[in-house]
Amino acid sequence: MPLAQSWDRVRIKALWSRSFFQQWANPWRHGCTSRKCTFGSDVMLRAIFRNFVVCGTPIALATLDVGAAAQVAARDAPRLSLPIACQLGETCFIQNYVDVDPGPGVRDYKCGSATYQAHKGTDFRLKSTAQSKKGVAVRAAADGTVKRARDGMADVLATTASANALKGRECGNGLVMDHGAGWQTQYCHMRQGSLAVKIGDKVARGQRLGDVGYSGKVEFAHLHFAVRHNGETIDPFSGRSQDGVCDDHWDQAEGLWDERTAKLLAYQSGQVIAVSFSDVVPVLAALEQDHGSAQPHPRSKLLILFARLLNLRGGDRIRLAIAGPAGFNVARLSKPLPRNKATYMAYVGKRRAAPSWPPGHYEGRVQLIRGKRIVCEMQAELALTK
Ligand SMILES: [Zn+2]
């Protein structure tokens with residue numbers, strides 16, 4: 001009987017559990033999924049997958065002292081609510097903040113490196129393009145009027161070659177909203193055909209504008225959200241323009257987000273966004289397309305634990321370990337990263353030597369280590385029972 005038919009049913013269930021870490025650290029719920037696959041007829045396999053993640057609030061390394069204390073944005077600035085319908089830290093993540101450095105340097109508002117040269121917005125990313133196809137709504141951050149809108153561009157991850165052809169249309173499908181008194185917000189890279197408003201429409205805060213996609217100049221599915229005042233880029237986290245001022249003690253209340261949203265958007269620089277078991281060697285480019293992992297079963301050739309991480313800094317290390325039944329043990333501590341990494345994937349695993357993997361519980365653990373601190377930790381469990 002072919003191997004693929006020897007499994008009656010594979011049932012994978014995701015649970016989430018709390019740890020003692022969450023009593024002191026900011027908890028970041030990891031996404032829970034469940035799925036069911038049918039292969040054949042005679043063996044029952046039950047696999048339970050469980051994980052949790054905890055990311056502390058990293059401390060920025062430096063403060064650019066430009067003299068004056070932070071100035072809050074003009075009093076007539078709109079208070080902004082979350083422009084995307086997702087669970088921060090679970091189904092979506094901030095990949096990039098505004099680059100507040102007007103020169104060749106790169107700094108986010110907390111003096112960290114979670115941005116890139118001249119970036120003028122905040123990137124709310126999804127795990128994969130497949131996730132965007134399920135429909136993740138883009139929402140108006142404040143009441144306003146649609147001033148500009150574009151739809152009809154294909155959702156395609158850009159390559160170096162195709163990026164040139166997108167000149168002038170880097171935003172992809174998107175729109176600009178006017179909020180009065182010189183304030184505007186812009187929403188980019190929306191899904192083709194998803195725009196739900198047109199030029200001239202009056203839009204209320206929270207109203208759906210369309211869906212997150214990957215049109216325009218993009219390397220991953222995300223919403224690029226930008227704020228401008230009289231044409232000048234404003235960082236919604238600080239309420240300041242790209243004037244070179246950053247502060248690792250910045251109070252969220254000084255930004256433009258409303259109170260509830262500011263709490264959701266607690267600063268993250270360096271985070272684990274997913275950890276999964278797999279029976280194939282994962283490839284980051286493929287995971288950007290579809291994060292759905294191939295779960296190991298007792299006769300998989302490989303048993304692998306992998307993690308996806310964002311905004312790592314040079315010197316960061318990643319520790320991955322799997323502990324399982326019958327003395328199963330594998331661990332790896334990476335060398336310090338030679339430079340910052342916006343996105344990263346790391347894995348550890350074993351090739352099967354016996355006829356099958358020993359049945360029982362396997363625990364996977366991933367730690368992001370910065371200096372002597374564990375910045376972020378995520379755990380996953382897999383139970384294989386014949
Ligand atoms: Zn962006």
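Student: Let me start with a small detail: which residue stands opposite A149 in strand 9?

Tutor: That's L175. Keep in mind as we go that this is a predicted model. As for the general idea, strands of a sheet pair through backbone hydrogen bonds, either parallel or antiparallel. Here, strand 8 (residues 144-150) and strand 9 run antiparallel and are joined by five bridges.

Student: And which residue of strand 10 does L175 stand opposite?

Tutor: Y187 is the one. Strand 9 and strand 10 (residues 183-190) are antiparallel too, with six bridges in their pairing. The two strands make a hairpin, with two residues between them. Look at A181 in that turn: its phi is positive, about 55 degrees.

Student: How many residues of strand 9 are buried?

Tutor: Six of its eight residues, which run from 173 to 180. Strand 9 is therefore largely enclosed by the rest of the structure.

Student: Let's go back to phi. What sign does it have in most residues other than glycine?

Tutor: Negative, for most of them. So a positive value is worth a look when you scan a chain. Take A118, which isn't a glycine but has a positive phi of about 65 degrees. A118 sits in the loop between strand 5 (93-96) and strand 6 (122-125). Another case is A326, with a positive phi near 55 degrees. You'll find A326 in the loop between strand 18 (317-323) and strand 19 (329-333).

Student: Why does A118 count as partly exposed, and why does A326 count as exposed?

Tutor: You count C-beta neighbours. A118 is partly exposed because it has 14 of them inside 10 Å. A326 counts as exposed because it has 10 C-beta neighbours inside 10 Å.

Student: Where is W250, and is it buried or exposed?

Tutor: W250 is in the loop between strand 15 (240-241) and helix 3 (259-264). W250 is buried, because 22 other C-beta atoms lie within 10 Å. You can also check its distance to Y267, which is 17 residues away along the chain: their C-alpha atoms are separated by 9.9 Å.

Student: Which residues is H291 in contact with, leaving aside its neighbours within four places in sequence?

Tutor: K127, S128 and A274. H291 belongs to the loop between helix 4 (284-289) and strand 17, and it counts as buried because it has 20 C-beta neighbours inside 10 Å. The C-alpha atoms of H291 and A274 are separated by 9.0 Å, with the two positions 17 residues apart along the chain.

Student: You mentioned strand 17. What is the order of the strands in its open sheet?

Tutor: The order is 16-17-20, in a sheet of three strands with antiparallel pairing. Strand 16 (271-278) and strand 20 (341-351) are the edges, each pairing on one side only. From one strand to the next, the twist averages 15 degrees. Strand 17 and strand 20 share ten bridges, and in that pairing A307 stands opposite A346.

Student: What else does A307 touch?

Tutor: Beyond neighbours within four places in sequence, its contacts include V272, A274, V275, I318 and L320. A307 is also one of the residues that touch the most other members of the largest nonpolar core, a group of 77 residues. Y187, which we met in strand 10, is another of them. Strand 17 (residues 302-312) gives the most to this core, with eight residues.

Student: Why does that core lie between domain 2 and domain 3?

Tutor: Because domain 2 (74-264) and domain 3 (271-384) both give residues to it.

Student: Let's zoom out. How many helices and strands does the chain have?

Tutor: Four helices and 22 strands. The chain has 386 residues, and 43% of them count as buried. For contacts between residues at least 6 apart in sequence, 73% join residues at least 24 apart.

Student: Where is the pLDDT below 50?

Tutor: Across the chain the mean pLDDT is 82, and 80% of the residues reach 70 or more. Residues 1-52, though, are below 50, and so are residues 56-73. Where pLDDT is low, the predicted coordinates should not be read in detail.

Terms used
Residues are numbered from 1 along each chain as its sequence is written. This is a predicted model: local features need pLDDT of at least 70, side-chain atom pairs count only at pLDDT 80 or more; totals for chains, interfaces and linings use all residues. A nonpolar core is a set of buried Ala, Val, Leu, Ile, Met, Phe, Trp, Tyr and Cys residues joined through C-beta atoms within 7 Å. A residue is buried if 20 or more other C-beta atoms lie within 10 Å of its own, exposed if 12 or fewer, and partly exposed in between; C-beta atoms are placed from the backbone. Domain bounds come from an automatic or database domain assignment. Two residues are in contact if their C-beta atoms, placed from the backbone, lie within 7 Å. Two strands pair if DSSP finds at least two bridges between them. Axes are lines fitted to C-alpha atoms, for helices over the stretch in contact, and angles run from 0 to 180 degrees between N-to-C directions. pLDDT is the predictor's confidence in each residue, from 0 to 100.
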